[in-house]
Amino acid sequence: MAEAARAGAEAARPGRAPPRAGGDLAFSALAFVLALLPRLYVAIAWAREPVWDGHYYDFGARRIAAGLGYSDDLIVGGQPVWHPWCHYPVGYSGFLGLVYRLFGAGPHVATVANAVLGALLVVVVHRLARYATTPARARVAALLAALSPGLVLYAALVMTEPLAALGLVTAPWLLARGVARGRPVRGAVLAGVALGLATLVRPQSLLCAPALALLARGGPGAASGGARAGWRRGALAAALSTATALAVVAPWTIRNCRVMDGCALVSTNGGWNLAIGAFPRATGRFETLRAGDGCPIARGQVAQDRCWMVEGLRWIKNDPVRWLGLIPRKLSFTFDHESFPIGYLGEANPAAWPEERRAAGRGVLTGSHLGLLSVAALGVVALPRRRPWKGLVAQLMALAAVLGLIAWGVLGDEHAFWPLAVAIPLIAALPLPGRPANGGVVGYLAFAVASVALTHAVFFGEDRYHMVVTPALCILAACALRRGEAAPAAGRADERGGSAVPRETW
């Protein structure tokens with residue numbers, strides 16, 4: 001009987017009492033306004049001509065808006081010849097192309113659209129956080145996202161990260177809401193649509209599909225169905241969401257097979273990125289590949305990407321120790337600082353961003369990011385209870401580990417904070433006694449952090465890549481040092497005083 005009760009409690013853990021339908025909408029609206037105002041300012045006052053990858057996203061969007069598709073023109077025999085693209089993912093350019101078609105391609109149209117996207121992202125952070133923790137903590141998460149200096153500055157950048165981040169938090173929110181309302185199938189389908197659109201913006205987003213199982217396994221019926229039934233519900237939801245996401249991506253994949261020199265799921269930069277992280281001149285961050293590095297023959301985009309994939313795998317096989325040794329540097333470049341928005345703005349408008357101002361801006365962004373990452377790591381650690389003793393000891397050890405990593409980052413010569421990004425999913429996954437509810441939304445967010453760390457450990461690191469999980473870090477930070485679980489008891493009320501709804505829905 002004790003084992004059965006423990007299993008029932010485990011299944012119910014992620015299934016927090018569903019928030020009241022429409023609850024706290026006034027704060028969501030206030031958060032939207034609070035987030036929109038500073039983003040609109042930087043979108044209008046600081047934005048200039050798109051630079052770096054932003055130039056290509058903007059160019060592709062203009063071609064799409066003009067009805068020319070995702071393409072450019074090659075001059076062959078003195079005549080322009082239509083030339084299809086798929087090197088960069090199409091999603092962000094497709095979004096901007098729609099915006100340009102509706103509102104024109106004026107100098108601030110893209111950045112104002114980014115400002116609105118950023119404000120919507122804050123709203124979704126608030127709505128999702130309500131399925132993870134208390135209403136008060138959910139408000140804290142929204143405020144952290146609204147006032148994040150990096151997310152605010154990103155409104156002036158024609159870059160993909162905010163749109164990709166919106167997809168990553170919208171998918172779990174739609175599924176959590178569907179489960180709470182007794183409509184898990186509908187929630188799973190809508191989550192799949194959101195994840196599919198996010199995949200078109202950032203293909204690695206699809207890696208988060210399995211984590212959607214954590215949101216459905218503890219929904220209505222968890223308390224009565226047991227752990228096995230909960231995992232079955234979760235697997236069904238994740239499978240349905242994944243299939244839906246692939247169905248959303250499929251038309252673009254078919255287009256690539258039809259007009260390119262081969263098939264590509266979304267884009268043709270996976271091989272390039274692997275090679276950049278593995279070739280003899282690899283440093284752990286972006287370096288320009290040259291023809292002399294291994295693929296000198298000019299061919300189609302798909303064939304060239306496959307060539308770099310083969311070369312990258314060969315370099316890894318020939319010297320796996322060197323490639324593995326680059327992983328800490330890659331993760332350091334990804335998580336140990338935040339400077340990309342300042343570099344972008346400085347490149348676009350050098351006169352307005354002298355080195356002194358750039359240095360100050362990098363300091364503000366890096367300090368806020370590292371502070372957020374540090375507090376977010378406490379989001380998977382419980383405030384230790386006096387009893388039971390096993391829980392007290394386990395959570396004190398977890399707390400000491402996180403505080404030790406923070407101290408190492410602050411006091412160490414290299415100021416390495418990236419181990420915190422690795423610790424978040426590891427601690428969340430460990431079945432430590434007395435832990436907080438690290439399934440459900442929190443488990444999904446920890447998995448999202450792990451997906452970024454794993455992706456850039458394999459490829460290469462740059463600080464812009466952690467921006468897609470900055471909203472996730474805001475929610476985790478708001479969950480810092482929650483109450484740990486008491487002795488397991490089936491049907492025990494959660495932190496807000498609710499309990500799992502005893503109704504089977506699958």
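**Exercise 1.** Is Arg 139 buried, partly exposed or exposed?

*Solution.* The model under study is predicted. Step 1: the class follows from the relative accessible area, where buried means under 20%, exposed means over 50%, and partly exposed lies in between. Step 2: Arg 139 has a relative accessibility of 36%. Step 3: Arg 139 therefore counts as partly exposed.

**Exercise 2.** Identify the salt-bridge partner of Arg 139, and state where the two residues lie.

*Solution.* Step 1: a salt bridge requires a side-chain nitrogen of Lys or Arg within 4 Å of a carboxyl oxygen of Asp or Glu. Step 2: the side chain of Arg 139 meets that of Asp 24, with an N to O distance of 2.7 Å. Step 3: Arg 139 belongs to helix α6 (residues 135-147), whereas Asp 24 is in the loop between α1 (2-12) and α2 (25-45). The pair thus links distant parts of the chain, 115 residues apart. Step 4: Asp 24, at 19% relative accessibility, counts as buried.

**Exercise 3.** Describe the salt bridge between Glu 161 and Arg 464, and place both residues in the chain.

*Solution.* Step 1: the two side chains meet at 3.0 Å, N to O. Step 2: Glu 161 is located in helix α8 (residues 161-180), and Arg 464 in the loop between α20 (440-458) and α21 (470-478), so the bridge ties together parts that are 303 residues apart in sequence. Step 3: Glu 161 is buried, at a relative accessible area of 4%. Arg 464 is also buried, at 9%.

**Exercise 4.** Characterise the salt bridge formed by Arg 281.

*Solution.* Step 1: the partner is Asp 293, and the closest N and O atoms are 2.8 Å apart. Step 2: both Arg 281 and Asp 293 are in the loop between α12 (270-276) and α13 (301-318), 12 residues apart. Step 3: Arg 281 is partly exposed, with a relative accessible area of 31%, while Asp 293 is buried, with 17%.

**Exercise 5.** Which residues are joined into one network by salt bridges that share partners, and how many salt bridges are counted?

*Solution.* Step 1: the network consists of Asp 53, Glu 161 and Arg 464. Step 2: the count comes to nine salt bridges.

**Exercise 6.** Which residues form the nonpolar surface patch that includes Leu 197?

*Solution.* Step 1: Leu 197 is found in helix α9 (residues 184-201). Step 2: patch members need over 30% relative accessible area; Leu 197, at 48%, counts as partly exposed. Step 3: Leu 197 forms the patch with Val 185, Val 189 and Val 193, and together these residues have about 280 Å² of accessible area.

How values were computed
Residues are numbered from 1 along each chain as its sequence is written. This is a predicted model: local features need pLDDT of at least 70, side-chain atom pairs count only at pLDDT 80 or more; totals for chains, interfaces and linings use all residues. Side-chain values use heavy atoms; hydrogens and water are left out. Helices (H or I, at least four residues) and strands (E, at least two) are DSSP runs, numbered from the N terminus. Buried means under 20% relative accessible area, exposed over 50%, partly exposed in between (1.4 Å probe, protein chains only). Patches are made of residues with over 30% relative accessible area and no salt bridge: like charges are joined within 9 Å, nonpolar side chains (Val, Leu, Ile, Met, Phe, Trp, Tyr) within 5 Å. Accessible areas come from the Shrake-Rupley method with a 1.4 Å probe; for residues, only the protein chains shown count as cover.
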